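Good morning, and thank you for coming. Please keep the sequence and the model in view while I speak.

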Amino acid sequence: MSDDENKVAAEGFSLAALQAGDPEEFSKLVNAYSNNIYRLAIKMLNQQEDAEDVLQETFIKAYRGLKSFDGRSKLSTWLFRIATNEALMVIRRKHPEFVSIDEPIDTEEGEQEPIQIVDWCCLPEEELLSEESRERLDEAVQMLPEKLKVVFLLRDINDLSTHETAEVLGLTDTAVKTRLSRARLRLREELSSYFADRTAELREAQADGSPNNNQEEPIEHAPSLIKEKQDDK
Amino acid sequence: MINKPTKRHYHKNCQRLLGSLSEYVDGELDEELCSVLEHHLEDCEDCRIVVDTLRRTVNLYHKTAENDVISPDIRQRLYKTLNIEDYLEK
């Protein structure tokens with residue numbers, strides 16, 4: 001068995017069967033990675049029909065390309081590369097002004113200086129993962145510039161390693177780390193602005209429920225910081 | 001603890017460490033920078049909050065992704081397109 005076949009075997013597939021067009025083996029591959037591919041596509045495109053097209057096109061291209069699959073990367077990395085390219089083509093078609101993801105990032109995507117300094121970690125889990133919160137989480141991702149978004153989606157939503165993400169996007173490991181850091185800091189900022197309000201509301205509700213309480217001061221600075229941020233825009 | 005009203009103090013020191021926080025929450029920061037950062041965190045409440053909320057942010061996204069699966073009808077159309085319907089949910 002060659003090194004390449006070993007690599008594919010380590011992912012639980014037989015390269016020989018895949019390359020021979022064995023439908024059962026191919027369906028195993030589809031079953032293993034379709035969730036991830038769709039998740040990437042829907043979050044890159046934010047539109048179900050386009051995401052479904054990308055999902056189908058990815059596996060059609062994979063089926064055709066398996067014979068020449070060179071095994072230099074894992075099958076999953078290869079699939080993500082096809083899917084990312086497909087999704088980027090859709091974005092470019094719809095937004096021709098879109099810049100290439102392999103261009104160096106400019107200052108516009110620089111480090112986000114923290115403005116929201118509010119500790120919302122103590123909010124209960126059901127609050128943090130409520131339907132409304134999930135929508136805010138999604139919206140925050142949609143606000144990321146494309147170059148940061150795709151790195152975040154591969155690393156944090158699809159759980160690829162830094163190196164795998166670098167392979168998918170044709171970037172260096174360092175570039176992946178920098179972009180991930182910037183994406184996460186921006187997301188933290190967005191979520192903090194939302195959860196600061198929820199924290200303040202919860203505190204107020206608690207304070208109303210217990211008269212005579214001489215609690216430490218509420219986090220009045222949070223709304224003022226939010227205002228400051230909006231003014232910045 | 002309850003948050004104190006925070007001045008936007010972000011010092012040069014905090015700014016310099018900002019780019020290393022992401023690797024820090026992944027536990028992948030190199031040892032030397034890690035100890036510089038942890039030393040700074042001992043005295044800097046603002047940076048501690050940024051680190052904690054950054055970690056929570058990443059963690060929340062990981063959690064939402066876990067339950068995110070494609071709907072049965074999308075899966076069915078995919079298998080049909082690929083001509084592998086016989087193996088659906090096998």
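Let me begin with chain A, which is divided into domain 1, residues 3-94, and domain 2, residues 111-232. Please bear in mind throughout that this is a predicted model.

Where these two domains meet, the contact takes 12 residues from domain 1 of chain A and 14 residues from domain 2 of chain A. On the side of domain 1 that touches domain 2, α3 and α5 (75-94) of chain A each supply at least two residues. By class, the residues on that side of domain 1 are four nonpolar, five polar and three charged.

What kinds of element make up chain A, helices or strands? Chain A has 11 helices and zero strands. Read from the N terminus on, its elements therefore appear in the order α-α-α-α-α-α-α-α-α-α-α. Chain A holds 233 residues, and buried residues make up 39% of them. If we take the contacts in chain A between residues at least 6 apart in sequence, 68% join residues at least 24 apart.

I turn now to the interior. In soluble globular proteins, nonpolar side chains tend to be buried together. In this model, the largest nonpolar core contains 66 residues. Which of its members touch the most other members? They are A:Ile37, A:Ala41, A:Leu79, A:Ala83, A:Val151 and A:Phe152. Helix α3 of chain A, residues 23-45, gives the largest share of this core, with 11 residues. Why does the core lie between domain 1 and domain 2 of chain A? It lies between them because both domains, 3-94 and 111-232, give residues to it.

As an example, consider A:Ile37. Leaving aside residues up to four places away in sequence, A:Ile37 touches A:Leu55, A:Thr58, A:Leu79 and A:Ala83. Two of these partners, A:Leu79 and A:Ala83, were named a moment ago among the core residues that touch the most other members.

Finally, let us look at the second chain. Here 35 residues of chain B are in contact with 42 residues of chain A. Which helices of chain B each supply at least two residues of the side that touches chain A? These are α1 (12-18), α2 (21-25), α4 (45-66) and α5 (72-81) of chain B. Of the elements on that side, α4(B) gives the most, with 15 residues. Sorted by class, the side of chain B that touches chain A has 18 nonpolar, 10 polar and seven charged residues.

Thank you for your attention.

How values were computed. Residues are numbered from 1 along each chain as its sequence is written. Chains are lettered from A and ligands numbered from 1 in the order in which they are written. This is a predicted model: local features need pLDDT of at least 70, side-chain atom pairs count only at pLDDT 80 or more; totals for chains, interfaces and linings use all residues. Two residues are in contact if their C-beta atoms, placed from the backbone, lie within 7 Å. Helices (H or I, at least four residues) and strands (E, at least two) are DSSP runs, numbered from the N terminus. Ala, Val, Leu, Ile, Met, Phe, Trp, Tyr, Cys and Pro count as nonpolar, Asp, Glu, Lys and Arg as charged, and the others, Gly among them, as polar. A nonpolar core is a set of buried Ala, Val, Leu, Ile, Met, Phe, Trp, Tyr and Cys residues joined through C-beta atoms within 7 Å. A residue is buried if 20 or more other C-beta atoms lie within 10 Å of its own, exposed if 12 or fewer, and partly exposed in between; C-beta atoms are placed from the backbone. Domain bounds come from an automatic or database domain assignment.
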